[in-house]
Structure formats: C-alpha cells, structure tokens
Amino acid sequence: MANLQVKNIPDTLHQRLRHYAQKHRCTLSDIVLMALEQELARREWHERLVLRPTTDLGTSAASLLTQERYQRERDLD
C-alpha cells in the first residue's frame with residue numbers, strides 16, 4: 001500500500017478535519033481517504049455525464065418546471 005504526505009494544510013482546515021474525525025470516531029486518515037474517494041467518484045461521474053448525448057425535450061427545462069409549479073399551485077387551491 002502506498003503512502004501519501006500532504007504538506008502546508010492550513011491550521012483551520014486541519015482543525016476542522018480533526019474535529020470531524022473525532023465526531024465520527026475515525027482517524028484523520030480515514031476522513032482524508034473518504035474525501036479523496038468521493039471527489040474522484042464525483043469527477044469520474046462528471047466525465048461520463050459530459051460524454052452522454054443531449055436530449056431534446058422540445059421545450060426548455062425551465063419552462064417545464066414553471067408549468068409544473070403552476071399546476072401544483074392550482075392543485076393546492
């Protein structure tokens with residue numbers, strides 16, 4: 001297993017990480033590994049999303065949302 005050293009972490013960020021680790025009863029390494037894994041997963045998801053073809057809804061998404069909100073308001077009256 002490889003090791004990674006991170007230097008020049010601002011004191012406030014280090015304190016936040018330590019408090020988070022204590023609150024969740026895990027190590028600082030656990031927190032950092034989870035954060036790295038989540039960030040990589042997020043970026044990989046975004047890369048896949050960009051490759052997907054666009055979908056033509058025939059009307060803008062904003063317009064569809066406006067219509068839906070209007071309908072919901074009418075249903076509540």
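Helices here are DSSP runs of at least four residues, labelled H or I and numbered from the N terminus. The model is predicted.

**Exercise 1. Find which salt bridges Glu39 makes and how far apart in sequence the partners lie.**

Step 1. Apply the cut-off: a salt bridge needs a side-chain nitrogen of Lys or Arg within 4 Å of a carboxyl oxygen of Asp or Glu.

Step 2. Check the pairs. Glu39 and Arg43 pass with an N to O distance of 2.6 Å. Glu39 and Arg42 pass as well, at 2.7 Å.

Step 3. Place the pairs in the helix. Glu39 and Arg43 are both in helix H2, four residues apart, about one turn of the helix. Glu39 and Arg42 are separated by about one helical turn because they are three residues apart in helix H2.

Step 4. Assign exposure. Between 20% and 50% relative accessible area, a residue is partly exposed. Glu39, at 28%, is therefore partly exposed. Arg42 has 47% and is also partly exposed, and Arg43 is partly exposed at 48%.

**Exercise 2. Describe the salt bridge of Glu68 and state which residues are joined into one network.**

Step 1. Glu68 pairs with Arg72, and their closest N and O atoms are 3.3 Å apart.

Step 2. Both residues belong to helix H3, with their positions four residues apart in the count, about one turn of the helix.

Step 3. Glu68 is partly exposed, with 40% relative accessibility. Arg72 reaches 54%, so Arg72 counts as exposed.

Step 4. Shared partners link Glu39, Arg42 and Arg43 into one network of salt bridges. The structure holds three salt bridges.

**Exercise 3. Identify the residues of the nonpolar surface patch and the element that gives the most to the patch.**

Step 1. The patch consists of Leu4, Val6, Ile9, Leu13, Val32, Leu33 and Leu36. Together these residues have about 610 Å² of accessible area.

Step 2. Helix H2 gives the most, with three residues.

Step 3. Take Val32 as an example. Val32 is in helix H2 and has a relative accessible area of 31%, so Val32 is partly exposed. Patch residues need over 30%.

**Exercise 4. Is Arg52 buried or exposed, and where does Arg52 lie?**

Step 1. Arg52 sits in the loop between helix H2 (28-51) and helix H3 (61-76).

Step 2. The cut-off for exposed is over 50%. Arg52 has a relative accessible area of 60% and is therefore exposed.

Step 3. Compare sequence and space. Arg52 and Thr27 are 25 residues apart in sequence, and their C-alpha atoms are 38 Å apart.

Conventions: Residues are numbered from 1 along each chain as its sequence is written. This is a predicted model: local features need pLDDT of at least 70, side-chain atom pairs count only at pLDDT 80 or more; totals for chains, interfaces and linings use all residues. Side-chain values use heavy atoms; hydrogens and water are left out. Helices (H or I, at least four residues) and strands (E, at least two) are DSSP runs, numbered from the N terminus. Buried means under 20% relative accessible area, exposed over 50%, partly exposed in between (1.4 Å probe, protein chains only). Patches are made of residues with over 30% relative accessible area and no salt bridge: like charges are joined within 9 Å, nonpolar side chains (Val, Leu, Ile, Met, Phe, Trp, Tyr) within 5 Å. Accessible areas come from the Shrake-Rupley method with a 1.4 Å probe; for residues, only the protein chains shown count as cover.
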